[in-house]
Amino acid sequence: MTAMNATTEPLVKARNVHKAYESLEVLKGIDLDVMPGEVVVILGPSGSGKSTFLRCINHLEAIGRGSIMVGGEQIGYRLKGDRLVKLSANAIARQRSRIGMVFQQFNLYPHMTVLQNIIEAPVGVHGENRAAAIENAERLLARVGLSDKVHSYPRQLSGGQQQRVAIARALAIRPQLMLFDEPTSALDPELVGEVLNTMRDLAEQGLTMIVVTHEISFAREAADRVVFMDDGHIVEQGKPDDVLGNPQHPRTKAFLARFL
Ligand SMILES: Nc1ncnc2c1ncn2[C@@H]1O[C@H](COP(=O)(O)OP(=O)(O)OP(=O)(O)O)[C@@H](O)[C@H]1O
Ligand SMILES: [Mg+2]
């Protein structure tokens, strides 16, 4: 393994990514590489384009210009001659199945148990063997500390527990990349810690993660790199201690001053 590291390719390669909603330019040329196993935290003010960028990575939004590669494949398009051609819905679904996403609102299926929520995509969408999917779900629930909730319904769980189920559900498709969009913002303050701890464990276990969050302490402890976005640009990035402890850009300084 280690001998190969020198030549390891980034898992995510975003190049000059532009995105506009009608005349509103939201992403204005984003370049970002994420290495396998790396944990990148994206910070930035409201409206700076963080969610839009995450949504572009799994093609929930189409980009206007530039390219996003995940695992060596361009997301949403393929090259035909020198032209980009849109991928079919099936091909996009296949790409998306390698990327797990966790949102602020956990959106579990209310009429399904925890177990059913987790095996739905592997069995229903990917045709995985049911017994194997259940075994995997049980392993994932142990990983997020919810082995005792296998047969509970979402309404019987706290917000923090529901979010941990949502994380287990995202992991059930065995993603090579996990995207988190403010996963703790909808939680009562006392429930934030348990979700962040789960995410810290995943980070330590080597999962590749891009996390949008306002939890500065998580960024400091769990991130390999902190990226600061402002107005559709990455204005600064680096090691957490550098970006958080000694920000260089005035916009980063102004943003971080709010958390002191
Ligand atoms: N579907 C959409 N249609 C039109 N405009 C949109 C859409 N989604 C986002 N926007 C606009 O794009 C800009 C960036 O939004 P985005 O949600 O990416 O910001 P953000 O950095 O995630 O902000 P927050 O911290 O508040 O979540 C905002 O001005 C927003 O109003
Ligand atoms: Mg957002």
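This report describes the strands, the surroundings of ligand 1 and the salt bridges of a predicted model.

**Strands and sheet**

An open sheet is built from four strands in the order S2-S1-S4-S5, with antiparallel pairing. Its edge strands are S2 and strand S5 (73–74), each of which pairs on one side only. S1 and S2 run antiparallel to each other and are joined over eight bridges. Within this pairing, Tyr21 stands opposite Leu24 in S2.

Another antiparallel pairing joins S11 and strand S12 (residues 233–238) over five bridges. Here Val227 has Gln237 in S12 opposite. The two strands S11 and S12 make a hairpin with two residues between them. In that turn, Asp231 has a positive phi of about 50 degrees.

Two asparagines also have positive phi values. Asn16, which is found in strand S1, has a phi near 50 degrees, a positive value in a residue other than glycine. Asn16 is partly exposed, at 35% relative accessibility. Asn107 is likewise not a glycine and has a positive phi of about 55 degrees. Its place is the loop between strand S8 (99–102) and helix H4 (114–125). With a relative accessibility of 53%, Asn107 counts as exposed.

**The surroundings of ligand 1**

Which residues surround ligand 1? The shell consists of Tyr21, Leu24, Val26, Pro45, Ser46, Gly47, Ser48, Gly49, Lys50, Ser51, Thr52 and Glu182. By class, four of these residues are nonpolar, six are polar and two are charged. S2 and helix H2 (50–57) each contribute at least two residues to the shell. The largest share comes from H2, with three residues. Tyr21 and Leu24, members of this shell, are the residues that stand opposite each other in the pairing of S1 with S2.

Several polar atoms of the protein lie close to oxygen atoms of the ligand. In the side chain of Ser46, an N or O atom is 2.6 Å from an oxygen atom of ligand 1. For Ser48 the contact involves the backbone, where an N or O atom lies 3.2 Å from a ligand oxygen. Glu182 places a polar side-chain atom 3.4 Å from an oxygen atom of ligand 1. Taken alone, ligand 1 exposes 630 Å², and the protein buries 58% of that area.

Ser48 also has a contact within the protein. Ser48 sits in the loop between S3 and H2 and is buried, at 1% relative accessibility. A polar atom of the Ser48 side chain lies 2.7 Å from the backbone oxygen of Pro45. Ser48 thus has a backbone contact with ligand 1 and a side-chain contact with Pro45.

**Salt bridges**

How many salt bridges are found in the whole structure? The search finds twelve. The table lists some of them, with the distance between N and O atoms.

| Residue | Partner | N to O distance |
|---|---|---|
| Asp33 | Arg15 | 2.8 Å |
| Glu38 | Arg225 | 3.0 Å |
| Arg200 | Glu221 | 3.1 Å |

The side chains of Asp33 and Arg15 meet in a salt bridge. Asp33 belongs to strand S2 (residues 24–34) and Arg15 to strand S1 (residues 12–21), so this pair ties together parts that are 18 residues apart in sequence. Asp33 is partly exposed, at 28% relative accessibility. Arg15 is also partly exposed, with a relative accessible area of 35%.

Glu38 and Arg225 link distant parts of the chain, 187 residues apart. Glu38 lies in the loop between S2 and strand S3 (39–43), while Arg225 lies in strand S11 (residues 225–230). Are these residues buried or exposed? Both Glu38 and Arg225 are buried.

The salt bridge between Arg200 and Glu221 joins two helices. Arg200 is in helix H7 (residues 189–204) and Glu221 in helix H8 (residues 216–222), 21 residues apart. Arg200 has a relative accessible area of 19% and counts as buried, because the cut-off for buried is under 20%. Glu221 is exposed, with a relative accessible area of 55%.

Lys19, Arg55 and Glu61 are joined into one network by salt bridges that share partners.

Notes
Residues numbered from 1 in each chain as written. Chains lettered and ligands numbered in written order. Predicted model: local features only at pLDDT ≥ 70, side-chain atom pairs only at ≥ 80, totals over all residues. Heavy atoms only, no water. Salt bridge = Lys/Arg side-chain N within 4 Å of Asp/Glu carboxyl O. Buried < 20%, exposed > 50% of the residue type's maximum accessible area, 1.4 Å probe, protein only. Near = heavy atom within 4 Å. Polar contact = N/O pair within 3.5 Å; in protein donor to acceptor, adjacent residues only side chain to side chain. Areas by Shrake-Rupley, 256 points an atom, 1.4 Å probe, with all protein chains shown as cover. Nonpolar A, V, L, I, M, F, W, Y, C, P; charged D, E, K, R; others polar. Pairing = 2+ DSSP bridges.
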